[in-house]
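Please open the structure in your viewer and keep the sequence panel beside it. The tour below moves from the whole chain to single residues, with a selection to make at each stop.

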Amino acid sequence: MDVLRLEHVSRVFGAVKAVDDLSLSLKQGEVVGFLGTNGAGKTTTIKMLLGILRPTEGTISVMGGDPADPATRLRVGYMPETAYYYPYLNARELLEFYGGLCGMDRRAVRARADVLLEQVDLAEAAERPLKTCSKGMLQRAGIAQALLADPDLLVLDEPFTGLDPLARIRFRQLLQRLREAGKSIFFSSHELGETELLCDRVAIMKKGRCFYDGPVSRLAGDGRENLERIFLDVLEKGEVAR
């Protein structure tokens, strides 16, 4: 069973078709990068995966269930592109707050928070009010909250935004360890280099349609085809040069 499956999914807003006949899947332990320019339909797709929006046409299943079902949502960790946190909370309090929303035991949340803050390099800044934290630190706090309930599926919207080079390397290593542990990861990004390093497969969107869905291994090694070239072919021609 696929962890994530979209079959002929479309989403219409008035006269605008934001997502047009999209079919995608994600297997257990797989990392899929979801690429495209602003307005390509990536965020609309992610909102449908999370059950925030319903598709106008087509079907979506997450862990074999309805993405809007609370039981399904408990198995999904989500990190938005831009998160707005209560500015007077610190990182530890933030995790305790979200743990309470998920119905987690308070002691379990505290123990889990210690582990996660260490993993995302926020342990030394765990007591700082979030209003005093940099963009990169807030991004790492968002990563920690997405991992709080130990989800089977991670959905990440632009997770590398605002991270310095060292933080990017460590975050990539963390995602690789999660994949090795059997977690599935679906993330949108404008960072082609990070996507090529991390992903098993990429899907490239343009004007709501998917023009490329294939393994990263197909793109590397011959000096002619790489992710940047494929991405430019999709944007300029609406197709992939072979």
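A residue is called buried when its relative accessible area is under 20%, exposed when it is over 50%, and partly exposed in between, using a 1.4 Å probe and protein chains only. This is a predicted model, in which local features need pLDDT of at least 70 and side-chain atom pairs count only at pLDDT 80 or more, while totals for chains, interfaces and linings use all residues. Residues are numbered from 1 along each chain as its sequence is written, and side-chain values use heavy atoms, with hydrogens and water left out.

**The whole chain**

Select the protein chain and show it as a cartoon, where eight helices and nine strands can be found; helices (H or I, at least four residues) and strands (E, at least two) are DSSP runs, numbered from the N terminus. The chain has a radius of gyration of 18 Å, close to the 18 Å that the globule rule gives for 242 residues, so it is as compact as a globular protein of that length. That radius is taken over C-alpha atoms, and the rule is 2.2 Å times the number of residues to the power 0.38. Along the principal axes, the C-alpha atoms fill a box of roughly 50 × 40 × 35 Å.

Of the 242 residues in the chain, 48% are buried. Among contacts (heavy atoms within 4.5 Å) between residues at least 6 apart in sequence, 64% join residues at least 24 apart.

**The two cysteines**

Next select Cys199 and Cys210, and show their side chains. How many disulfides does a search of the whole structure find? The search finds zero, where a disulfide is a pair of cysteine sulfur atoms within 2.5 Å. The cysteine sulfur nearest to that of Cys199 belongs to Cys210 and is 13 Å away, which for Cys210 is too far for a bond. Cys199 counts as buried because its relative accessibility is 7%, whereas Cys210, at 26%, counts as partly exposed.

**Helix H1 and the glycine after it**

Move to residues 42–49, which form helix H1, a mostly covered element in which six of the eight residues are buried. The buried residues in H1 are Lys42, Thr44, Thr45, Ile46, Met48 and Leu49. Now select Gly51, which follows H1 and has a positive phi, near 80°.

**Two loop residues with positive phi**

Most residues other than glycine have a negative phi, and the next two stops depart from that pattern. Select Met63, in the loop between strand S4 (57–62) and helix H2 (70–73), where phi is near 55°. Met63 is buried, because its relative accessibility is 12%.

Then select Glu158, in the loop between strand S6 (153–157) and helix H6 (165–180). Phi of Glu158 is likewise positive, near 55°. Is Glu158 buried or exposed? With a relative accessible area of 6%, Glu158 is buried.

**A last stop at Ala123**

Finally, select Ala123, in the loop between helix H4 (106–119) and helix H5 (135–147). Its relative accessible area of 33% makes Ala123 partly exposed. Not counting residues up to four places away in sequence, Ala123 touches Leu117 and Glu118. To end, add Arg92 to the selection: Arg92 and Ala123 are 31 residues apart along the chain, and their C-alpha atoms are separated by 8.9 Å.
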